[in-house]
Amino acid sequence: MSDILVEKSDGIAIVTLNRPKQRNAVTYAMWCELAERFRAFDTDADIRAILLTGAGADFSAGADISEFDAVRGGAEESARYEVAVDAAGDAIYEVSKPTIAVLRGYCLGGAAHLAMSCDFRIAEESAVFGIPAARLSIVYGVSATKKLFSLVGVTEAKRILYSAKRFTADEALGNGFIDELADDATAAALDRANAMAANAPLTIRGAKFILNGCARGNLDETEADRLIDEASSSHDYAEGRKAFGEKRPPRFRGR
Ligand code: COA
């Protein structure tokens, strides 16, 4: 059985980290595969929203520490390893469709990076968060730290990173790390994904590009203008106006 499962149904893809006996710890090979999978969603016209979750009781206990000697032994291997982690995070962050992390059980370290790379985080009460890098003498990566900063602010980000302490789902809702607490996080995420999947893909792609650029402080306004123009000359813009006139739901194609 593969360590990453991908199911596609009714326009929604569900990506599952699938090593439940190891609490879904993410191996080097999995970081690389996640990057490929999420890049592929970008050009998959059938997919309108993506959920990222873990098999069994946990989202993930983070990077697979048991293989660190082999794949993250010294500075050079560590740098190569972090490139793979960031590539996975960036592929999730940049895919032009809504992404939702579905969280229960442990969500630690590198797994927090995966969750923070999604547009939204929906958790159950069982979820436990933490970034224990200070227990391993690892500096949490630049890309992941920027995401943490933009979600929780500078003081809370420092508290989380300096203390390496775990925090609960309630605390995560309070500090902005997650945006919803639900009895059934998968059901809540599917509801949200289905509602977004019905909307105009070019609107969501443009909004995501602009907001991610704002959050990262590197908005490419020329590209944003191009996306705005593309939406304004699209089939879907004509369809949206036609559907409004005919008092029926629009049928968007993403072009
Ligand atoms: N990397 C590799 N293996 C991991 C892992 C990780 N990050 N997290 C859990 N596992 C493995 C355990 O080694 C154990 O394997 P084993 O059954 O072969 O001994 C199995 O998953 C179950 O975990 P276990 O530690 O027995 O469960 P627990 O309930 O006692 O503790 C954690 C769960 C998550 C608190 C604990 O496993 C832990 O601290 N993991 C490391 C978390 C971490 O530092 N992550 C950051 C990495 S960047």
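**Two sheets and a domain interface**

Mentor: Start with one pair of residues in this predicted model: Lys8 stands opposite Ala13 in β2.

Trainee: Nice, a concrete spot. How do β1 and β2 pair, parallel or antiparallel?

Mentor: They are antiparallel, with six bridges between β1 and β2, the latter covering residues 12–17.

Trainee: And what sheet are they part of, and in what order do its strands come?

Mentor: It is an open sheet of six strands, ordered β1-β2-β3-β4-β6-β9, with mixed pairing. At its edges are β1 (4–9) and β9 (180–181), each of which pairs on one side only.

Trainee: Let's go along to the other end. Which strands does β6 run parallel to?

Mentor: There are β4 and β9. Strand β4 (residues 99–103) is joined to β6 (residues 120–123) by four parallel bridges, and Ile100 has Phe120 as its bridge partner in β6. On to β9: two bridges link it to β6, again parallel, and there Ala123 stands opposite Leu181.

Trainee: Remind me, what holds paired strands together in general?

Mentor: Backbone hydrogen bonds do that, whether the strands are parallel or antiparallel.

Trainee: Is that sheet alone, or how many strands form the open sheet with β5 in it?

Mentor: Three strands form that one, in the order β5-β7-β8, and its pairing is mixed too. The edge strands there are β5 (106–108) and β8 (167–168), pairing on one side only.

Trainee: What links β5 to β7?

Mentor: Three bridges in the parallel sense, with β7 spanning residues 128–130. One to look up is Tyr106, whose bridge partner in β7 is Val128.

Trainee: Which helix lies across those two strands?

Mentor: That is α4 (residues 110–117), which lies across β5 and β7 and runs at about 95° to β5.

Trainee: Changing topic: where are the domain limits?

Mentor: Domain 1 covers 4–196 and domain 2 covers 200–246. Their centres, taken over C-alpha atoms, are 26 Å apart.

Trainee: How many residues of each are in contact?

Mentor: On the domain 1 side there are 15, and they meet seven of domain 2. The two domains bury about 860 Å² between them, with 49% of that on carbon and sulfur atoms.

Trainee: Which residues of domain 1 lose the most area to domain 2?

Mentor: Those are Arg48, Tyr93 and Ser96, which together make up 52% of what the domain 1 side buries.

Trainee: What about charges? How many salt bridges cross that interface?

Mentor: Three are found between domain 1 and domain 2. There are also six residue pairs in polar contact between the domains, counting pairs with both residues at pLDDT 80 or more.

Trainee: Which helices supply at least two residues of the domain 1 side?

Mentor: Both α3 (75–94) and α5 (142–152) do. The largest share, four residues, comes from α3.

Trainee: Give me a salt bridge I can click on. What does Asp119 pair with?

Mentor: Try Lys208: the closest N and O atoms of that salt bridge are 3.0 Å apart.

Trainee: And how many salt bridges does the rule count in total?

Mentor: It comes to 19. Arg23 and Asp58 are another pair to look at, with their side chains meeting at 2.8 Å, N to O.

Trainee: Why does the Arg23 and Asp58 pair tie together parts apart in sequence?

Mentor: Because Arg23 is in the loop between β2 and α1 (28–42), while Asp58 is in the loop between β3 (49–54) and α2 (68–71), so the pair ties together parts 35 residues apart in sequence.

Key: Residues are numbered from 1 along each chain as its sequence is written. This is a predicted model: local features need pLDDT of at least 70, side-chain atom pairs count only at pLDDT 80 or more; totals for chains, interfaces and linings use all residues. Side-chain values use heavy atoms; hydrogens and water are left out. Two strands pair if DSSP finds at least two bridges between them. Contact means heavy atoms within 4.5 Å. Axes are lines fitted to C-alpha atoms, for helices over the stretch in contact, and angles run from 0 to 180 degrees between N-to-C directions. Domain bounds come from an automatic or database domain assignment. Buried area is the accessible area (1.4 Å probe) that two parts lose on being put together, summed over both. A salt bridge is a side-chain nitrogen of Lys or Arg within 4 Å of a carboxyl oxygen of Asp or Glu. A polar contact is a pair of N or O atoms within 3.5 Å; within protein, one must be able to donate a hydrogen and the other to accept it, and residues adjacent in sequence count only if both atoms are side-chain atoms.
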